[in-house]
Amino acid sequence: MTIYPDGFTGALMAVESFEDGRAVLHGPGGCRGYHSYAISRCYSKARQGDYEKYSVPYFFGQPRVPCTYMDEDDYIHGSDHKIKESLPILCSDGDVFNVFIRSPGAALIGDNITDAIERAGFSDKAMAVEESLISQPFSSGYDHTVRTILKWMRPEKRGTLPGTVNILGLPISSNDWEDALEDLKHLLELIGLRVLSSPGAGCSRRDVSESVAAEFNVIVSSEYCARTAKFYEEEYGIPAISCDSGSPVGFDAVEEWIKTIASETGKSADRAEELIRDRRERVFRRIKGCLYTNKVKCNDFVAMADGSVLLPLIGWLYDYLGMIPESVTPDPGGDEETAVRIRSLLRSMGAEDAWRSDPASRKTDFAFADGHTAEMLEMTGSCFKGIDIGYPSLARTRFLPRPIYGLSGAMYLLDEIFSKE
């Protein structure tokens, strides 16, 4: 029932996750429209005067995801001439680096984009992801592309700065990722750690050069950074810290995440725990004054997300609110170890049958899923309320933060659940 975004979309999204990165679609114009729009919604870089500035070939007034606009002749005779012609235009903006991503059809032709870039003399301002990622999961394409860009940048090794970290595995496809990033940075600052960069989440080329001085990398969602974390460890000796309870989703997992990091880095988690305790108490007072407190307990739910998000989400909904999982389906790209932990958790709840069961087999109270699926399940009567926890989610224009990670994420989820009326 759910149509998952693929590795091709993940690659485009990963390039555009860099503050000064630009994804160039090497393919027909029909592949551009949706991706340009979706990426703009996930990470807006809009500036006044964009239409006039980008009213040039390959952009046609739209600044995001320029395209080589391959046609039938290019599929027959090759498209090297379009790559060569586009490079001076694309690289005229000195503050931006360009990454060519092949469309599925263009990947069949065999044009060597990297060679074309080198011959044209733009190797310092443009690169290509030569692999076709259409058959890969979204998260795998995202991770692969971030790592490929870091390898191309080749930041020089430098001395380690004690008490510094990079945040890995926070994709721009997650709800209000910028707010989540600030939330997680604040928690890390409370335990005495300074964040140098966040590759894959609003990081610039300059940030990447500073990132190799970090003492540790901290992982948010492993699906989006397993290869990237390995690159940092192998090339720069920077170890990664991950949490067995999964991503920092819900109060329990947020607390476990920051305590794990504090323990691994030799810091005290006292101030962060004090903040988490304050949020818990605030929520307790609100829930006690809510007319719908008892109506949430024993509600059943459907959950569809990355495995690293499902693991803490399911546990938190069950332990904290007394909600029962009816159907649990991980997105493609997760690791087997996380899947085993989720199934073990469901077994301990007496809900093992929920694993990969049909989310629309019976009406449930809540559906936690990407925005499109959550809305569809609600509209078709498969759930009482659908709660948007991820991409694709393009219908709503947000003005108030609604992330899923960190303390703000916990507050958003609770607000949605207790606004059931």
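In the predicted model, Glu234 and Lys230 are both exposed, and their side chains meet in a salt bridge with an N to O distance of 3.9 Å. This value lies within the 4 Å allowed between a side-chain nitrogen of Lys or Arg and a carboxyl oxygen of Asp or Glu, so the pair qualifies as a salt bridge. Glu234 and Lys230 both belong to helix H10 (residues 226-236), and because they are four residues apart in this helix, about one helical turn separates them.

A second pair is formed by Asp252 and Arg280, whose side chains meet in a salt bridge at 3.0 Å, N to O. This contact links distant parts of the chain, since Asp252 lies in helix H11 (residues 251-265) and Arg280 in helix H12 (residues 270-288), with their positions 28 residues apart in the numbering. Asp252 has a relative accessible area of 34% and is therefore partly exposed, while Arg280, with a relative accessible area of 22%, is likewise assigned as partly exposed.

A further salt bridge joins Arg347 to Glu352, the closest N and O atoms being 3.4 Å apart. Arg347 is partly exposed, with a relative accessible area of 46%, and Glu352, at 32% relative accessibility, also counts as partly exposed. Elsewhere in the chain, Glu16, Lys45 and Arg64 are linked in a network of salt bridges. By the distance rule applied here, the count of salt bridges comes to 21. In general terms, side chains of opposite charge can pair when their charged atoms come close.

Helix H8 (residues 177-190) was examined for its geometry and its exposure. At 1.5 Å a residue, the 14 residues of this helix should span 20 Å, and the C-alpha atoms at its ends are 20 Å apart, which agrees with the expectation. The buried residues in H8 are Trp177, Ala180, Leu181, Asp183, Leu184, Leu187, Leu188 and Leu190. Just after the helix, Gly192 takes a positive phi of about 90°.

Asp179 is also found in helix H8, but with a relative accessibility of 31% this residue counts as partly exposed, because the value falls between the limits of 20% for buried and 50% for exposed residues. Together with Glu178, Glu182 and Glu189, Asp179 forms a negative surface patch. Membership of such a patch requires over 30% relative accessible area and no salt bridge, so the 31% computed for Asp179 satisfies the accessibility criterion.

Key: Residues numbered from 1 in each chain as written. Predicted model: local features only at pLDDT ≥ 70, side-chain atom pairs only at ≥ 80, totals over all residues. Heavy atoms only, no water. Helix = DSSP H or I, 4+ residues; strand = E, 2+ residues; numbered from the N terminus. Expected span 1.5 Å × (residues − 1). Buried < 20%, exposed > 50% of the residue type's maximum accessible area, 1.4 Å probe, protein only. Patch = residues over 30% accessible without salt bridge, like charges linked within 9 Å, V, L, I, M, F, W, Y side chains within 5 Å. Areas by Shrake-Rupley, 256 points an atom, 1.4 Å probe, with all protein chains shown as cover. Lys, Arg positive; Asp, Glu negative; His and termini not counted. Charge placed at Lys NZ, Arg CZ, Asp CG, Glu CD.
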